[in-house]
Amino acid sequence: MSNNKGILIIFSGPSGVGKDSIIKKIFKKCPNLELSVSCTTRQPRKGEINGKDYYFLSKEKFQNMIDNDEMLEYAIYCDNFYGTPKTKIENDINNGKVVILEIEVNGAEKIMKKCLGAVSIFVLPPSMEELENRLIVRGTDEKNIILKRIKEAEKEIQKAHIYDYVVVNNNIDKCSDDIIKIIDSESRRVLQNRNTIERVLLSGRNNKL
Ligand code: 5GP
């Protein structure tokens, strides 16, 4: 009998809200989840590894992937392309896995329209002031880039209402636990468990009576 179908989890939130740290916490507690590795044309930051954090591509290579229909979605964010490669996700979903896509809102919106069973979660900062502080303290971007990211954050937060769930990152442990609870409930939906029901029905009795 085939597996239950997997679940696509769209995970978004403004730059600096703590998505990477939240994802690390979630994967520590739930190592069976899959994380989709995106492609980007932005330069790697210090410590980022090609193939682990992102596939860092030239604009030409990224365009080739779009032309060959190898992207599930893509978007331009702060002058760079970001996109989700298709094949691995399709295989993972067919194999019953829960796959997390960490993507910005325009790409998320495309996937919500394309993949109707996808579950979407938006992470909010406690306030805009706190978001700005986190971006400054992170120290990975120049001042002009931080300003761009804050402008982008305002636009993104205005679109939070299109998501299924909203979680505030006041405290990273609480926030990642809340997200794990959402994933857990979603994986118990009847629609996700058709094959489990069938398996139990077909499993047979002991005939001891
Ligand atoms: P960063 O440059 O900080 O790594 O990412 C910038 C933004 O791009 C983040 O909001 C991140 O979630 C988003 N992003 C990362 N990968 C993808 C992707 O494959 N598709 C889309 N649409 N956005 C992505």
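Let me start with a pair of strands, β5 and β6, the latter covering residues 80-85: the two run antiparallel and are joined by six bridges. I should say at once that what we are looking at is a predicted model. Within this pair, isoleucine 76 stands opposite phenylalanine 81 of β6. Helix α3, which spans residues 86-94, packs on the sheet and touches both β5 and β6, and its direction makes about 35 degrees with that of β6.

Stepping back to the sheet itself, four strands make it up, in the order β4-β3-β6-β5, and the sheet is open with mixed pairing. The edges are held by β4, residues 55-56, and β5, residues 71-77, and because each of these has a single partner strand, one side of each is left without a neighbour in the sheet. As a general reminder, strands of a sheet pair through backbone hydrogen bonds, in either a parallel or an antiparallel manner.

Now to the ligand. Which residues come closest to the ligand? There are 16 residues surrounding it, and the closest are Ser38, Arg42, Tyr54, Glu73 and Tyr82.

For those of you who think in terms of polar pairs, let me go through three distances, each of which involves an oxygen atom of the ligand. An N or O atom in the side chain of glutamate 102 is 2.9 Å from a ligand oxygen, an N or O atom in the side chain of arginine 45 is 3.0 Å from a ligand oxygen, and for threonine 84 a polar side-chain atom lies 3.3 Å from a ligand oxygen. As for burial, the ligand on its own has 520 Å² of accessible area, and the protein covers 96% of that.

Conventions. Residues are numbered from 1 along each chain as its sequence is written. This is a predicted model: local features need pLDDT of at least 70, side-chain atom pairs count only at pLDDT 80 or more; totals for chains, interfaces and linings use all residues. Side-chain values use heavy atoms; hydrogens and water are left out. Two strands pair if DSSP finds at least two bridges between them. Contact means heavy atoms within 4.5 Å. Axes are lines fitted to C-alpha atoms, for helices over the stretch in contact, and angles run from 0 to 180 degrees between N-to-C directions. A residue is near a molecule or strand if one of its heavy atoms lies within 4 Å of it. A polar contact is a pair of N or O atoms within 3.5 Å; within protein, one must be able to donate a hydrogen and the other to accept it, and residues adjacent in sequence count only if both atoms are side-chain atoms. Accessible areas come from the Shrake-Rupley method with a 1.4 Å probe; for residues, only the protein chains shown count as cover.
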